[in-house]
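Thanks for coming. I will go through one structure today, sheets before ligand. Please have a look at it first.

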Amino acid sequence: MSADTVPETDRGTGAHRPDADWGTVTGWGRTAPTGALLVRPRTYEEAAVAVRDCGARGGIARGLGRAYGDAAQNAGGAVLDMTALDRVHAIDADGGTVLCDAGVSLHRLMEVLLPLGWFVPVTPGTRYVTVGGAVGADIHGKNHHVSGSFARHVLSLELLTADGTVRTVVPGTPLFDATAGGMGLTGVILTATLRLQPVETSLMSVDTERATDLDDLMARLTATDHRYRYSVAWIDLLARGRATGRAVLTRGDHAPLDALPARSRARRAPLAFRTSRLPAAPDLVPDGLLGRTTVGLFNEVWYRKAPRFSRGRLQRISTFFHPLDGVPHWNRVYGRGGFVQYQFVVGTGREEALRRIVRRLSARRCPSFLAVLKRFGEADPGWLSFPVPGWTLALDVPAGLPGLGALLDELDEEVAGAGGRVYLAKDSRLRPDLLASMYPRLDDFRALRAELDPRGVFVSDLARRLAL
Ligand SMILES: Cc1cc2nc3c(=O)[nH]c(=O)nc-3n(C[C@H](O)[C@H](O)[C@H](O)COP(=O)(O)OP(=O)(O)OC[C@H]3O[C@@H](n4cnc5c(N)ncnc54)[C@H](O)[C@@H]3O)c2cc1C
């Protein structure tokens, strides 16, 4: 595909304009809604027309809207919903690669690829993200310490840039490194070719153990994480005193065929992709339901129900990687005010900063039931990619929690002071003056954008807020 595949008639006449409607857009945290023209291209040509027709307020690509903050919104401008461009074009079932549109979800890829013995190379905590969103945020999974983040497995991209051309972008080039983690600000990704992970079954073999406090948890992760492809710890941030940072550690790998019981249903169809779905969360959850008492109770039960130590349990992929996907619209449980997700990383050797932050959250009794800690491996080449080798903690908190803004500002300072950074795909409130110290390649990113997109066609609420 190239720019000249865009029909000449589209350029002047506006023919083949994509569907578009004004509407309100938020991130998954449902805070800071803004109005935008929602444009829904169905072809690459319509995407090119949409970019050409972005008005003075510019445009930004959007996938499935799972970024928590304002990365895929653009107040007063255009938001290009890319989910109608969702074709899987070609699978190399021998070599383990797939070429697909950027609007394809990881859920869809799993449906198509698992029966062929292949899995996506990196999956976040939800499979309802698009390939475009996965590259845009350069997402990481429970396997970052082994496999790095998503863009490491991208062989090439087709990127529609501000001048209307479609460029083939390959790893090792400045444009690739600016696009991986570039939050949609270098252009609209139209297609991607990905390298896949071979699997013998669609089940996971999972080891679970409890850690009595944060130091115990970090010691376990440091000593044995290298033995597992996937690893993550759920932390009870409401536990105090000697139990501060107690956790349930879950680690595993794809189960080999011979781990499945003979003559079982799973053995008969080892690559079947099975998911379960519970009723959707109601829209009218009273604000304040997720207070300290409810969350404290939940955390207590969650910790106690986890086995102290179990080995080789078989779990579905959906249970191991995406437990929340079983409850559609679970983000409504935080009520109308929405919630903030805060994720930061501090490098190896800066454990004291992590300890201080966990103690602080626990002392403030932050009602978070979705707090997870994991270790990152090598940093990724993307200029704004989030991971650096070290410790990353992610937590959800109701946006209306009194004093939350001041608390998170203090944590930002602590993180920045320890040479760490916060994750832009989760962010909705970081102060712009801290960004440059967190992302040292920010100036390169800005310079490349200024050259590639001098009129500032691609812009989002996140980009305006942080002057990206
Ligand atoms: C329950 C849950 C768990 C999560 N767990 C993790 C996790 O473990 N690890 C992790 O890294 N993230 C995680 N996330 C965050 C999520 O993976 C990222 O925010 C991802 O970018 C969302 O993809 P999306 O398709 O929904 O994109 P959107 O949220 O719609 O957009 C995200 C960014 O990608 C850009 N983008 C989208 N499509 C394109 C395109 N075609 N071309 C160019 N840019 C594009 C947008 O402009 C925006 O900047 C989680 C989110 C949720 C809700």
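Two strands pair if DSSP finds at least two bridges between them. Strands here are DSSP runs of E with at least two residues, helices are runs of H or I with at least four, and both are numbered from the N terminus. This is a predicted model, where local features need pLDDT of at least 70 and side-chain atom pairs count only at pLDDT 80 or more, while totals for chains, interfaces and linings use all residues. Residues are numbered from 1 along each chain as its sequence is written, and side-chain values use heavy atoms, with hydrogens and water left out.

On to the sheet of 8 strands. It is open, with antiparallel pairing, and the order is 15-12-14-13-17-18-16-19. At its edges are strand 15 (309-316) and strand 19 (421-422), each pairing on one side only. Helix 11, residues 351-363, packs on this sheet and touches strand 16 (339-347), strand 17 and strand 18 (390-398). Contact means heavy atoms within 4.5 Å. The helix direction makes about 15 degrees with that of strand 18; axes are lines fitted to C-alpha atoms, for helices over the stretch in contact, and angles run from 0 to 180 degrees between N-to-C directions. Strand 13 (residues 230-235) and strand 17 (residues 372-376) are joined by 2 bridges, antiparallel. In that pair, A233 stands opposite L373.

There is also an open sheet of 5 strands, antiparallel, in the order 5-6-10-8-9. Why do strand 5 and strand 9 each have one side without a neighbour in the sheet? Strand 5 (88-92) and strand 9 (166-169) stand at the edges with a single partner strand each, so one side is left free of a neighbour. Strand 8, residues 154-160, is joined to strand 10 by 6 bridges. L159 stands opposite I189 in strand 10.

I189 brings us to the ligand. A backbone N or O atom of I189 lies 2.8 Å from a ligand nitrogen, a polar contact being a pair of N or O atoms within 3.5 Å; within protein, one must be able to donate a hydrogen and the other to accept it, and residues adjacent in sequence count only if both atoms are side-chain atoms. A polar backbone atom of A67 is 2.8 Å from a ligand oxygen.

Which elements each supply at least two residues of the shell around the ligand? They are strand 3 (59-62), helix 4 (131-136) and strand 10 (188-195). Strand 3 gives the most, with 3 residues.
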